[in-house]
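Here is a walk through one protein model, from a ring contact to the core and out to the loops. Keep the structure open as you read.

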Amino acid sequence: MNSDYGVTPIGTVRSCFPDKFGVPRQPSLCPHARGEVVLSPPWNTEEAFRGIEDFSHVWISFLFHQVPADQAPSALVRPPRLGGNTRVGVFASRSPFRPNRLGLSLVRNQGLTRRHGELCLAISEIDLVDGTPVLDIKPFLPWCDAPEAATGAWASEPPAATLPVRFSPQAEHRLQQIQWDYPELRDLIREVLNQDPRPAYHRDDPERRYALRLYDLDVHWLVANGTCVVERLEKA
């Protein structure tokens, strides 16, 4: 079998998530998570997207570029949804540690824009890290992409939002200062932290503090008595 299949990215994701930590584990979990696909030549032309405005969602085929290319994939993985303790087959999971590092994400289509000579497809409800190479874009077709009889085994329902979130007075003050530059930041922080991005093996350590990056800001937080407390926001 011929294994020499050349694949060239058609664009790159510009995302509100500069780092992997805090990225939703699936799309649609954070409605205020926004980004765009910056198209590369020769695909940075409106003709290639004629008619896409009629589709509410699109599939993004991409490469998990932060997974080392030389890292050998395993046949068994530990999905975070199962607490990180149960093993399932890699092809029965959405683990990024896959034979060809390929990912697939369903995102909301927010339309084409052109800025400073760049053609971009604006997207939201994303689970994509900044810099992700995009291999293809296809429209979502509800009648065949979401069949009524489909089942999802242990992931048949969206994960519950497990952590209530509150902001310290210092964080509240900072949000007020920067609200014009980041009008949806409060909602985005809540949506990300509601999902409890901590590794499962950290959740018994009440003293541990965390920082995750959204846009060019570091969000510092901890979990105290079952509540996520955003302590402060700082420029990265």
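Arg 186 lies over the face of Phe 167, 5.3 Å from the ring centre. This is a predicted model, and every distance below is computed from it.

Stay with the aromatic side chains. The structure holds six aromatic pairs. One of them joins Trp 59 and Phe 140. Their ring centres are 6.0 Å apart, and 55 degrees separate the planes. That makes the pair tilted. Trp 59 sits in strand 3, while Phe 140 belongs to the loop between strand 8 (133–139) and helix 1, so the pair ties together parts that are 81 residues apart in sequence. Phe 140 is buried, with a relative accessible area of 14%.

Tyr 182 and Tyr 215 make another tilted pair, with centres 5.9 Å apart and planes at 50 degrees. Here two loops meet. Tyr 182 lies in the loop between helix 2 and helix 3, and Tyr 215 in the loop between strand 10 and strand 11, so parts 33 residues apart in sequence are tied together. Tyr 182 counts as buried, at 15% relative accessibility. Tyr 215 is partly exposed, with a relative accessible area of 32%. Elsewhere, Phe 21, Tyr 210 and Trp 221 form one aromatic cluster.

Now go inward. Which residues of the largest nonpolar core touch the most other members? They are Phe 17, Val 37, Ile 60, Ile 137, Leu 185, Ile 189 and Val 230, out of 45 residues in that core. Helix 3 (residues 185–194) gives the most to this core, with five residues.

Phe 17 is a good place to look around. Setting aside residues up to four places away in sequence, Phe 17 touches a group that includes Ile 126, Leu 128 and Val 129. Leu 188 and Val 192 are also among its contacts. Both of these are buried residues of helix 3. The contacts of Phe 17 include charged side chains too, among them Asp 130 and Arg 213.

Helix 3 deserves a closer look. Leu 185, Leu 188, Ile 189, Glu 191, Val 192 and Leu 193 are buried in this helix. What covers them? The cover over the buried residues of helix 3 includes strand 9 (165–167) and helix 2 (169–178). It also includes strand 10 (209–214), strand 11 (217–224) and strand 12 (227–235).

Just after helix 3 comes Asp 196, with a positive phi of about 55 degrees. Asp 196 is in the loop between helix 3 and strand 10. Is Asp 196 buried or exposed? Asp 196 is buried, with a relative accessible area of 4%. It also has a charged partner. Arg 198 forms a salt bridge with Asp 196, the closest N and O atoms being 2.8 Å apart. Arg 198 is buried as well, at a relative accessible area of 7%.

That bridge has company: a search of the whole structure finds twelve salt bridges. Another of them links the side chains of Arg 14 and Glu 36, at 2.7 Å from N to O. Arg 14 lies in strand 1 (residues 11–15) and Glu 36 in strand 2 (residues 34–39), so the bridge ties together parts that are 22 residues apart in sequence. Arg 14 is partly exposed, with a relative accessible area of 34%. Glu 36 is buried, at 10%.

Arg 213, met above as a contact of Phe 17, has a salt bridge of its own. The side chains of Asp 218 and Arg 213 meet at 2.9 Å, N to O. Asp 218 is buried, with a relative accessible area of 16%. Arg 213 is partly exposed, at 28%. Salt bridges that share partners also join Arg 14, Glu 36, Arg 115 and Glu 118 into one network.

Finish in the loops. Ser 93 is found between strand 5 (88–89) and strand 6 (102–115). Ser 93 counts as buried, at 10% relative accessibility. Its side chain reaches the backbone nitrogen of Ser 95 at 3.2 Å. Ser 93 also touches Val 77, Val 88 and Arg 98, leaving aside residues up to four places away in sequence.

Two backbone details remain. The peptide bond from Pro 41 to Pro 42 is cis, with omega near 0 degrees. Pro 42 is in the loop between strand 2 and strand 3 (57–63). Ala 153 has a positive phi of about 50 degrees although it is not a glycine. Ala 153 sits in the loop between helix 1 (142–145) and strand 9. Ala 153 is exposed, with a relative accessible area of 65%.

How values were computed. Residues numbered from 1 in each chain as written. Predicted model: local features only at pLDDT ≥ 70, side-chain atom pairs only at ≥ 80, totals over all residues. Heavy atoms only, no water. Core = buried A, V, L, I, M, F, W, Y, C linked by side-chain atoms within 4.5 Å. Buried < 20%, exposed > 50% of the residue type's maximum accessible area, 1.4 Å probe, protein only. Helix = DSSP H or I, 4+ residues; strand = E, 2+ residues; numbered from the N terminus. Contact = heavy atoms within 4.5 Å. Salt bridge = Lys/Arg side-chain N within 4 Å of Asp/Glu carboxyl O. Polar contact = N/O pair within 3.5 Å; in protein donor to acceptor, adjacent residues only side chain to side chain. Phe/Tyr/Trp six-rings, centres within 6.5 Å; stacked < 30°, edge-to-face > 60°. Lys NZ or Arg CZ within 6 Å of the ring centre and 35° of its normal.
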